[in-house]
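Trainee: I'm new to this one. Could you walk me through how to read it?

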Amino acid sequence: MYHIIVVIMDKKKIIVIGGGLSGLTASYLLLKSGFDVTIIEKNANLGGFCTTYLKNDAYIDTCIHYLVGCKKSELTSLYNQLGFFDNNEIIHFPYFYRFHYFDKKIDILRDFNSFKDEINSLSLKEDKLKLKKFFKDIKAFYHFPIKTDKAMPRMNILDYINLLLKNFSGIKAYMKYKKVSIDEYASRFKTPIINNFIRSMMPNEVSIVPFLGLLSSFFKGNADTISVSSKEVIENIKKRILNLGGKIILNEEIIKFNIADNKIASIKSNKNEYKGDYYISALPLTYLYSNLLKKEYHDEEIIQTLFDYKNNTPLSAFLVYYKIKPSYNSQLSDYFIKYIPEGFTCITSTNKSIGFKYYSNIINKDNSHTLVCIIDQNYDDYLKWKSMKEDEYNKTKIEISNRIEKELLSLIPDLKNNIELVEVLTPKSLYEYTYNFGGCYMANLMSKTTNKNDYKYSSSKIKNLIYSSIWMTNLGGIPSALTSGEFAYKELLYKLKKD
Ligand SMILES: Cc1cc2nc3c(=O)[nH]c(=O)nc-3n(C[C@H](O)[C@H](O)[C@H](O)COP(=O)(O)OP(=O)(O)OC[C@H]3O[C@@H](n4cnc5c(N)ncnc54)[C@H](O)[C@@H]3O)c2cc1C
């Protein structure tokens, strides 16, 4: 129905600010419905966080490790429409990740029954009953929607009833656990390896809900990876946008909004001025509020949640990329290896898990492969990185990278003389690339004290401005980026119908 309404209306000019996944999704759907769309992106490439670049002959891929909803989900249609699976295969790992704990390990096996057997075999007697509950909790999230059809504020009572009927066990578990932190959930287990395994996935203060949700997605076969790089996925989307007549402007940063009568009259980049009928803000909502929209246009509720980083955890990362020599007879596979090194610190955070991921599917220009190491970083870490003078910043990056290399070699000794450091990214570098708050790439992860309502703010106080980006939800990642882009598109159709 929406498509018919749009076709018979004038060709409205829409300006999408930000060429990350959320902006690209909104743009593609708008173009398909016949709108005139211009994307303005500050970087030299589209994709935002979802990107791959070359350094010292190695491909540095910042994004796709797990694609939640890749097999069959509410997102399948969007993934297909955008071209995520063009020239591409879904890779089903035999296990999700391997967790090391001293001389023991847990393989998070794809087969749920084998996973249960493995954990049970490691568990102390007093944890057996609690484990049964843990398995039941994971199962409950099999019935939890990755996205809804409409944004929450646009749902009516029938939509809610429908949602509840289809996903009763998942929603019940969500309500029960949203205020239980990883730390609290893990503490129920006395078996050290199980307790630490639960802590290894996300920061301690985050709610247990995303952890249970991610595990259940994996066991359902719905959180695998793909055979091409992040950049290749973006190229597929870009091709579709250009074929539909979309305009892409790169290397221009929007620096000013001209607003009159509660409407945007024009926006200014560092080079030009642009006028549209409607504007979709697909740059980080946090940046929009801090730098582009004057206080009188701020929504108090947004301010209270977006920047309240103690209650709404913005997750960033310290990333070290290594090249693994082609001659190395790799025993590594693509799954993550995770463990919690004792006494390891990375800036303000202590006792963090370290994750290693090897890319067997991506062959570098010199035939080597890339291995990335990821350590979670929080907003305090970002502030610390940001406060450092250049010398100290560079020195600290190298010093932590060296410590990580030592950890890696103690875990996999035969890597010695086979690895070469190629790139180090900090929350500060991630911020500088996309302007996301604190270099955060997962938006506000829900915590037990989260006070955020997803998509509540799809309409801004400005009549012709619509918000998009991962900051619209409290889960983040590619599913949120795509969903927020789709909801921005739907919100625009809704506005047009009303205006
Ligand atoms: C290390 C890492 C690992 C990840 N792993 C996964 C994973 O395995 N699975 C998963 O689902 N997700 C993962 N993600 C997260 C995922 O990449 C992001 O959540 C998603 O891509 C964000 O999309 P977005 O469009 O909301 O934001 P962004 O990608 O931040 O896009 C915003 C765009 O706006 C542009 N912009 C900002 N300011 C301006 C301005 N003033 N003018 C013009 N343009 C502007 C930015 O340059 C950027 O291109 C990962 C991210 C990282 C960094």
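Mentor: Sure, we'll go from the sheet to the core and then to the ligand. Keep in mind that this is a predicted model.

Trainee: Let's begin with the sheet. In what order do the strands of the open sheet come?

Mentor: Follow the pairing from one strand to the next. Here 5 strands line up as S10-S2-S1-S14-S24, with parallel pairing. At the edges sit S10 (247–249) and S24 (465–467), each pairing on one side only. On average, neighbouring strands are turned by 20 degrees against each other, direction ignored.

Trainee: And how many bridges join S1 to S14?

Mentor: There are 4, between residues 13–17 of S1 and residues 278–281 of S14. As a landmark, find Val16, which stands opposite Ile280 in S14.

Trainee: Which strands does helix H2 touch?

Mentor: H2 (residues 21–32) packs on the sheet against S1, S2 (36–40) and S14, and its direction makes about 165 degrees with that of S2.

Trainee: Now the core. What's the general idea?

Mentor: In soluble globular proteins, nonpolar side chains tend to be buried together. The largest nonpolar core here has 141 residues, and Val16, Ile17 and Ile280 touch the most other members. Helix H10 (residues 208–219) gives the most to this core, 8 residues. Contacts of Ile280 include Ile14, Ala26, Ile466 and Ala488.

Trainee: Which residues are closest to the ligand?

Mentor: Look for Gly18, Gly20, Gly48, Gly477 and Ile478, out of 39 that surround the ligand. Elements giving two or more residues to this shell include H2 and helix H17 (477–498). By class, the shell has 22 nonpolar, 14 polar and 3 charged residues.

Terms used: Residues are numbered from 1 along each chain as its sequence is written. This is a predicted model: local features need pLDDT of at least 70, side-chain atom pairs count only at pLDDT 80 or more; totals for chains, interfaces and linings use all residues. Two strands pair if DSSP finds at least two bridges between them. Axes are lines fitted to C-alpha atoms, for helices over the stretch in contact, and angles run from 0 to 180 degrees between N-to-C directions. Two residues are in contact if their C-beta atoms, placed from the backbone, lie within 7 Å. A nonpolar core is a set of buried Ala, Val, Leu, Ile, Met, Phe, Trp, Tyr and Cys residues joined through C-beta atoms within 7 Å. A residue is buried if 20 or more other C-beta atoms lie within 10 Å of its own, exposed if 12 or fewer, and partly exposed in between; C-beta atoms are placed from the backbone. A residue is near a molecule or strand if its C-beta atom, placed from the backbone, lies within 6 Å of it. Ala, Val, Leu, Ile, Met, Phe, Trp, Tyr, Cys and Pro count as nonpolar, Asp, Glu, Lys and Arg as charged, and the others, Gly among them, as polar. Lists of a residue's contacts leave out its neighbours within four places in sequence.
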